[in-house]
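Hi,

Here is the structure I promised to pass on. Have a look, and my notes follow underneath.

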Amino acid sequence: MDPLGGNGNGSAWFSAYNAEITNHPLYQKWEALTIAECAAALTDLKTDIANSQASAQAAPILNYLNWVYTIVSTQA
């Protein structure tokens with residue numbers, strides 16, 4: 001489990017509904033959308049990933065964003 005309550009990597013990522021990561025602004029931005037809406041906003045998703053720091057502190061949200069990206073990419 002990462003510091004924000006996420007578990008796993010890639011398509012195997014998951015978290016509890018009340019994990020700390022659910023308070024992160026990027027989590028809240030993307031969890032409010034359907035998979036179809038995320039797919040339509042793929043450029044924005046890539047931008048959010050690109051604008052994140054490559055740090056241990058950012059790893060939990062990057063894992064989540066990668067999970068969303070992986071699912072959306074397989075839907076295209």
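Helices here are DSSP runs of H or I with at least four residues, numbered from the N terminus. Ala39 sits in one of them, α2 (residues 35-40). With a relative accessibility of 33%, Ala39 counts as partly exposed, because that class lies between buried (under 20% relative accessible area) and exposed (over 50%), using a 1.4 Å probe and protein chains only. Its C-alpha atom is 8.4 Å from that of Tyr69, 30 residues away along the chain.

Before you dig in: this is a predicted model, so local features need pLDDT of at least 70 and side-chain atom pairs pLDDT 80 or more, while totals for chains, interfaces and linings use all residues. Residues are numbered from 1 along each chain as its sequence is written, and side-chain values use heavy atoms, without hydrogens or water.

Now the helix pair. The axes of α3 (residues 42-50) and α4 come within 10 Å and cross at roughly 155 degrees (lines fitted to C-alpha atoms over the stretch in contact, angles from 0 to 180 degrees between N-to-C directions). That makes α3 roughly antiparallel to α4, a label for angles over 145 degrees. On the α3 side, Leu42, Leu45, Lys46, Asp48 and Ile49 make the contact (heavy atoms within 4.5 Å); α4 brings Leu62, Leu65, Val68, Tyr69 and Val72. Leaving aside residues up to four places away in sequence, Val68 touches Cys38 and Leu45.

Cheers

Notes
Helices (H or I, at least four residues) and strands (E, at least two) are DSSP runs, numbered from the N terminus. Angles under 35 degrees count as roughly parallel, over 145 as roughly antiparallel, 65 to 115 as roughly perpendicular and the rest as oblique.
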